[in-house]
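Here's a friendly look at how one sheet is put together and which helices lie against it. Have the picture open as you read.

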Amino acid sequence: MAAGGRSSGRPAKKKGPSKGAGGQRRRGLEGKGATPPAEMRHWYKDKARTERIAREEHGGQRRPAASRQRRSDDAPEYIGGRNPVLEALQAGVPANALYVAQRIDNDDRVRDSIKIATERGIALLEATRDKLDRLTEQSVHQGVALQIPPYDYAHPAELVEIARDAAEVPLIVALDGVTDPRNLGAIARSATAFGAHGLMIPSRRSAGVTGGAWKTSAGTLATLRVARSANLTAALREYRDAGLFVIGLDGEGRTDIGDVGLLSEPLVIVVGSEGKGLSRLVREHCDVVARIPMSSAAESLNAGVAAGVALYEVARHRRR
């Protein structure tokens, strides 16, 4: 035989699988389980912190939280950011505490904020950046946040009394459907600049005096009173009964704001939302619905810009 050796004459047996091998193979084919989400991996916290610091250094905006709980009316508000916090402290905005991040890179704004807070007896508290993220609802805080107490709203009639105590012709700005606190802050800034005696907002479906409003107002909300009414149309009716005229701003108005003959009279200027304008009930309670003439290339103006233009026209007529 070519292969050598002796043959038994019986066919050779095929080698089969060893005992228990099938189970081992099945276990080897099983997966390791679902891939863990990013927040459960060891590198996630360091990566997230690095990205957050990079956004703050470059002034980037954060993505808003997917779901945010509504603040109660008696909950404190927070202003974040080095410039806004310093401006609020310089303007005398009421505050309870100044939060400063641990190991913060100090600059003149931080040092001035700490100095003013110390002089005013405002508590200085050290906080982690994660806590500042939560307090400011994920806004860019740059390592500092100012806690302000809940706003003490006035009664609508108080705004008329402020004008009469100053021996001036009343000028009040009412907001109808303005839900962005930044618009409220911008309107407060224009109202202060052009001599208005206060803002009036409805209790529901409206922006309130929040941290965002304080931030945009550049401190003017510290001197301008804001009143709140459960029913906007009822408050407008009471203003009319008190001798004030109501002018609504709306792109569908038939009269240009500069041509309204009532601008030197006691006034309430009603500013509607940018998208919907004035509501039907509010429009029915206006003595005049006026528009701001502008190029057809722009469909509408931001509520804060519209209020500024209208208030400038009122101030211009009253200086004559």
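What follows walks through the sheet first and then the helices.

This is a predicted model, where local features need pLDDT of at least 70, side-chain atom pairs count only at pLDDT 80 or more, and totals for chains, interfaces and linings use all residues. Residues are numbered from 1 along each chain as its sequence is written, and side-chain values use heavy atoms, with hydrogens and water left out.

The sheet is open and has four strands in the order S1-S4-S2-S3, with mixed pairing. Strands here are DSSP runs (E, at least two residues; helices are H or I, at least four), numbered from the N terminus, and two of them pair if DSSP finds at least two bridges between them. S1 (77-80) and S3 (123-127) sit at the edges, each pairing on one side only. On average, neighbouring strands are turned by 25° against each other, direction ignored.

Two of the pairings look like this:

| Pair | Bridges | Direction | Facing residues |
|---|---|---|---|
| S1 and S4 (residues 144-148) | four bridges | antiparallel | Gly80 and Ala145 |
| S2 and S3 | five bridges | parallel | Leu98 and Leu124 |

Between S2 and S3 the chain passes through H4, a right-handed β-α-β crossover (with the strands pointing away from the viewer, the path from the first strand over the helix to the second runs clockwise).

Now the helices. H4 (residues 108-120) lies across S2, S3 and S4, at about 150° to S2; such angles run from 0 to 180 degrees between N-to-C directions, with axes fitted to C-alpha atoms, for helices over the stretch in contact.

Terms used:
Contact = heavy atoms within 4.5 Å.
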